[in-house]
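Please load the model in your viewer and keep the selection panel at hand. The tour below proposes a series of selections and states what each one shows.

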Amino acid sequence: MKLSAAKIILIGCGLGIVYGLLNGFSNAFLLPSAPIISLRPQIALPMIVGIIGHPLAGFITGFTGNIIGDGISGFGFWKFWNWHIANGLMGLIPGLIRYRGITRIATVREFGILQVSIILACGIGVGFAVVMDVLFLHFMIFPSSLHAWILPAFLTDVVNGFVLVPVALVLTGAILITLETRTIMMITALLIIAVLATAGSITWAVLDDLVSHQAMVRNFYIAAIVSVLLLVIGFLASIVFVRKMTDPLTKITRAAESVEKGSYDLETLDGISGRNDELGRLARVFEQMAGKVLEREKKLQKQVEELQIKIDREKQIADVAEIVETEYFRSLKEKARKFRAS
Amino acid sequence: MPKIIAIHSFRGGTGKSNTTANLACLLAQKGQRVGIVDTDIQSPGIHVLFNLDPREISCSLNDFLWGKCEIESAAYDVSKMIEPQTDGKLFLIPSSIRTGDIARVLHYGYDINLLKEGYQKLTERLSLDYLFIDTHPGLNEETLMSIAIADILLIILRPDQQDYQGTAVTVEVSRQLEVPGMFLIVNKVPDVFAHEELAVKVASTYQCEVAGVLPHADEMMTLASSGIFSMQYPDHAVSREMDKIIQRITG
Ligand SMILES: Nc1ncnc2c1ncn2[C@@H]1O[C@H](COP(=O)(O)OP(=O)(O)OP(=O)(O)O)[C@@H](O)[C@H]1O
Ligand SMILES: [Mg+2]
């Protein structure tokens with residue numbers, strides 16, 4: 001979307017208010033042992049604004065929304081300014097994928113870049129807040145802040161962004177449902193369910209004791225880190241697998257398109273036709289078929305090229321003379337003239 | 001003055017009879033009174049397209065040429081072929097298909113003045129707007145007569161080497177006969193050919209206007225020479241091109 005500066009600010013602030021109200025609401029339910037961090041599915045909002053609207057609009061949404069949320073919750077409007085900027089960065093960074101030429105997500109590669117950008121956004125955002133705190137604010141006390149602020153913020157934001165942003169993008173049509181995106185999303189969903197089910201059941205099991213037992217809290221977050229790590233590693237692995245599966249199909253499709261256009265670019269099939277699976281067979285059959293079509297086309301083309309009208313002028317003159325130089329023809333010509341004159 | 005339109009081709013089987021019948025029908029459909037004379041005395045065939053039963057033909061062009069009947073009694077009203085029916089009329093003057101009749105004309109020949117008078121009488125008595133003349137391929141004496149009498153000559157060729165050479169001779173001979181209007185029609189053109197380019201090429205080769213390029217139509221085969229194609233397939237590319245041909249040669 002191409003937006004004017006005024007529109008970017010308007011969208012940013014407008015959705016910032018929405019984000020702020022949601023933050024104010026969710027701040028009433030803080031995460032275990034975390035003084036100011038809540039589970040906030042709405043973190044997906046600035047990300048979506050950044051991706052669909054504009055990176056700067058995403059930044060403004062995250063930034064203003066966090067101010068409003070903190071204000072409502074009584075944390076003070078400006079006290080945790082580093083977290084305002086962190087939220088802004090989480091809206092800004094995923095939106096930057098447009099500068100890699102991605103406006104609609106249609107392939108595994110694009111989907112992978114999207115999800116990695118979301119993880120990066122959370123990492124950079126939270127990392128920024130921590131660094132600012134260490135340098136200027138000194139609210140955090142290490143290592144206890146790790147469990148109280150840093151991990152809760154990072155982990156929940158990653159998971160929420162990872163799950164909710166693709167859902168929203170599918171609904172808005174920014175993710176095209178193609179064979180590639182469908183496959184990678186299906187596998188990603190299975191992965192998320194598997195990882196979260198494990199993490200969730202652990203959480204459930206220790207929930208009662210969490211507040212009282214510091215050690216358990218630590219274990220809980222370690223489990224969470226492992227889960228998210230598994231999620232990320234699993235995701236990267238599935239990207240590789242899905243690409244292995246869909247790449248040949250994409251290439252065969254491209255080869256088919258080249259036949260349609262008449263350019264017969266069949267080299268893309270070289271690597272595939274050697275495979276022993278169904279795709280290899282498909283590629284081989286396609287190559288044969290395209291070869292036949294090409295052959296026929298060439299034959300026809302040759303025929304058309306041969307369509308040179310060659311006339312033996314000498315023979316023509318001789319043949320014409322044989323007719324027009326007869327007595328019959330001369331008298332016929334006379335008569336025809338008379339008819340036409342009358 | 002009614003217009004006499006002769007259709008000719010150097011070689012046989014180019015689609016003369018078919019094109020004649022279709023153009024005549026299309027003109028009649030537009031409300032014109034149109035006649036068709038089958039001067040292909042050696043191998044008459046156009047009557048088949050109009051479903052005219054040879055037994056119904058009591059009087060033919062041959063009979064007129066021998067003075068056995070008036071030309072208008074050899075004219076059969078085939079307006080029933082026009083679809084949808086209009087005020088237009090269509091008459092066919094067939095040649096005899098009896099071998100004796102054919103041999104006799106071929107042996108004795110006929111006089112161009114007689115033919116010309118016949119056409120004049122015919123157009124007057126049936127108040128025709130157009131008279132089409134279907135011819136025998138090649139450049140024999142009788143065919144040359146038809147060309148000499150015509151106001152407009154349509155020369156049909158197929159896009160193949162043998163037709164190209166013969167057409168060059170026909171065009172030149174017709175020029176010497178000072179035919180007032182001469183057009184080429186390329187027929188049975190495969191779809192793979194670029195029709196526009198072909199038209200340009202043919203026009204420049206023969207220095208003669210191309211009235212139309214008719215694609216090869218498989219449906220023509222299924223019609224199997226009975227019935228008029230443009231009446232049964234009015235939206236077919238062939239029919240539409242024929243309409244354009246009419247506009248070019250009459251407009
Ligand atoms: N455009 C076309 N597409 C396909 N078939 C065609 C086309 N035009 C004519 N034909 C077919 O070609 C054959 C010859 O046509 P037609 O009898 O009209 O030719 P002709 O020139 O009159 O032949 P002749 O020289 O024997 O009198 C017919 O079977 C006809 O159906
Ligand atoms: Mg014929």
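How much area does chain B expose, and what share of it do carbon and sulfur atoms supply? The exposed area of chain B is about 9900 Å², of which carbon and sulfur atoms supply 49%. Please note that this is a predicted model.

**Chain B as a whole**

Select chain B and colour by secondary structure: 11 helices and 8 strands should appear. Of the 251 residues in chain B, 59% are buried. Among contacts in chain B with a separation of 6 or more, 76% are accounted for by residues 24 or more positions apart.

**The sheet of chain B**

Next, display the strands of chain B. They include an open sheet of 8 strands with mixed pairing, in the order β3-β4-β2-β5-β1-β6-β7-β8. At the edges stand β3 (76–77) and β8 (210–215) of chain B; each has a single partner strand, so one side of each is left without a neighbour in the sheet. Strands of a sheet pair through backbone hydrogen bonds, either parallel or antiparallel. Zoom in on strand β7 (residues 181–189) of chain B, which runs parallel to β8(B) and is joined to it by 4 bridges. Within this pair, L184(B) stands opposite V210(B).

**V202(B)**

Keep L184(B) and V210(B) visible and add V202(B), a residue of helix α8 (residues 195–206) of chain B. Is V202(B) buried or exposed? Its relative accessibility is 0%, and V202(B) therefore counts as buried. Beyond the neighbours within four places in sequence, V202(B) is in contact with L184(B), V186(B) and V210(B), and also with I309(A). A distance label between the C-alpha atoms of V202(B) and L184(B) should read 8.3 Å, although 18 residues separate the two along the chain.

**D70(A)**

Now move to chain A and select D70(A), located in helix α3 (residues 55–73). D70(A) is buried yet has no salt bridge. The nearest side chain of opposite charge belongs to R40(A), 5.7 Å away, whereas a salt bridge requires the charged atoms to lie within 4 Å. Show the contacts of D70(A) outside its neighbours within four places in sequence: N27(A), F75(A), G76(A), F80(A) and H84(A).

**A nonpolar surface patch**

Finally, select V131(A), V134(A), L135(A), F136(A) and F142(A) and switch to a surface representation. These residues form a nonpolar patch on the surface, with about 490 Å² of accessible area together. One of them, V134(A), lies in helix α5 (residues 108–137) of chain A. With a relative accessible area of 42%, V134(A) is partly exposed.

Terms used:
Residues are numbered from 1 along each chain as its sequence is written. Chains are lettered from A and ligands numbered from 1 in the order in which they are written. This is a predicted model: local features need pLDDT of at least 70, side-chain atom pairs count only at pLDDT 80 or more; totals for chains, interfaces and linings use all residues. Side-chain values use heavy atoms; hydrogens and water are left out. Patches are made of residues with over 30% relative accessible area and no salt bridge: like charges are joined within 9 Å, nonpolar side chains (Val, Leu, Ile, Met, Phe, Trp, Tyr) within 5 Å. Accessible areas come from the Shrake-Rupley method with a 1.4 Å probe; for residues, only the protein chains shown count as cover. Helices (H or I, at least four residues) and strands (E, at least two) are DSSP runs, numbered from the N terminus. Buried means under 20% relative accessible area, exposed over 50%, partly exposed in between (1.4 Å probe, protein chains only). Lys and Arg count as positive and Asp and Glu as negative; His and the chain ends are not counted. Contact means heavy atoms within 4.5 Å. Two strands pair if DSSP finds at least two bridges between them.
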